[in-house]
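Open the model in a viewer and keep the selection panel at hand. The stops below go from one end of the chain towards the other, with a look at the whole in between.

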Amino acid sequence: MSLPDRKEAEVRRLLESPHPPVPTELAAQAAELGLRILHRRQAARRLMWLAIVAAAVVFAVWAARVHPWTAPPSTVAPPVDGF
């Protein structure tokens, strides 16, 4: 028997045998785990949005105070007086 044939025969043997009993509380445990994962993802998403909003507010305050879009005063030539 080659390797794929042996694996196929083993799978067929497992499928033809009686199925093992499933614990009765398995569905409740799976639902509880799913809710826990969902709540963690929601909390992480909220935290991410809070960080993004905080970063946007900090940037807006910084930009309003510093005015990074204006050119700095020229320091190449001294100011001309007495014209």
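**Stop 1: helix 1**

Select V11, a residue of helix 1, which runs over residues 3–16. The model is a predicted one. V11 counts as partly exposed because its relative accessibility is 46%, and partly exposed covers the range between the buried limit of 20% and the exposed limit of 50%. Now add V80 to the selection and draw a distance between the two C-alpha atoms. V11 and V80 are 69 residues apart along the chain, and their C-alpha atoms are separated by 94 Å.

**Stop 2: the whole chain**

Zoom out and colour by secondary structure. The protein has two helices and zero strands. How far does the C-alpha trace span along its principal axes? The spans are about 105 × 40 × 10 Å. The radius of gyration is 34 Å, whereas a compact globule of 83 residues would have one near 12 Å.

Switch on the surface. Its accessible area comes to about 8300 Å², and carbon and sulfur atoms account for 68% of that. Of the 83 residues, 1% are buried. Next, colour the charged side chains: 10 are positive and 7 are negative. The centres of these two sets lie 7 Å apart.

**Stop 3: along helix 2**

Select residues 26–66, which form helix 2. How does the span of helix 2 compare with what its 41 residues should give? At 1.5 Å a residue the expected span is 60 Å, and the end C-alpha atoms are 60 Å apart, so the two values agree.

Within helix 2, pick A55. Its relative accessible area is 47%, so A55 is partly exposed. For a distance, take A30 as the partner: A55 and A30 are 25 residues apart along the chain, with 37 Å between their C-alpha atoms.

**Stop 4: an aromatic pair**

Stay in helix 2 and show the side chains of F59 and W62, which are three residues apart, about one turn of the helix. A pair of aromatic rings is described by the distance of the centres and the angle of the planes. The count of aromatic pairs comes to one. The ring centres of F59 and W62 are 5.8 Å apart and the planes stand at 40°, so this pair is tilted; the tilted class takes the angles that are neither under 30 degrees nor over 60.

Are the two residues of the pair buried or exposed? F59 counts as exposed, at 53% relative accessibility. W62, with a relative accessible area of 42%, is partly exposed.

**Stop 5: the end of helix 2**

Move on to H67, which follows helix 2 and belongs to the segment after it. Check the backbone torsions here. Most residues other than glycine have a negative phi. Phi of H67 is positive, near 55°, in a residue other than glycine. H67 has a relative accessible area of 38%, so it is partly exposed.

**Stop 6: the segment after helix 2**

Finish at A77, also in the segment after helix 2. A77 counts as exposed because its relative accessibility is 54%, and the limit for exposed is over 50%. As a last distance, select V57 together with A77. These two residues are 20 apart in sequence, and 38 Å separates them in space, C-alpha to C-alpha.

Key:
Residues are numbered from 1 along each chain as its sequence is written. This is a predicted model: local features need pLDDT of at least 70, side-chain atom pairs count only at pLDDT 80 or more; totals for chains, interfaces and linings use all residues. Side-chain values use heavy atoms; hydrogens and water are left out. Helices (H or I, at least four residues) and strands (E, at least two) are DSSP runs, numbered from the N terminus. Buried means under 20% relative accessible area, exposed over 50%, partly exposed in between (1.4 Å probe, protein chains only). Rings of Phe, Tyr and Trp (its six-membered ring) pair if their centres lie within 6.5 Å; planes under 30 degrees apart count as stacked, over 60 as edge-to-face and the rest as tilted. The radius of gyration is taken over C-alpha atoms; the globule rule is 2.2 Å times the number of residues to the power 0.38. Accessible areas come from the Shrake-Rupley method with a 1.4 Å probe; for residues, only the protein chains shown count as cover. Lys and Arg count as positive and Asp and Glu as negative; His and the chain ends are not counted. The place of a charge is taken as NZ of Lys, CZ of Arg, CG of Asp or CD of Glu. The expected span of a helix is 1.5 Å times one less than its number of residues.
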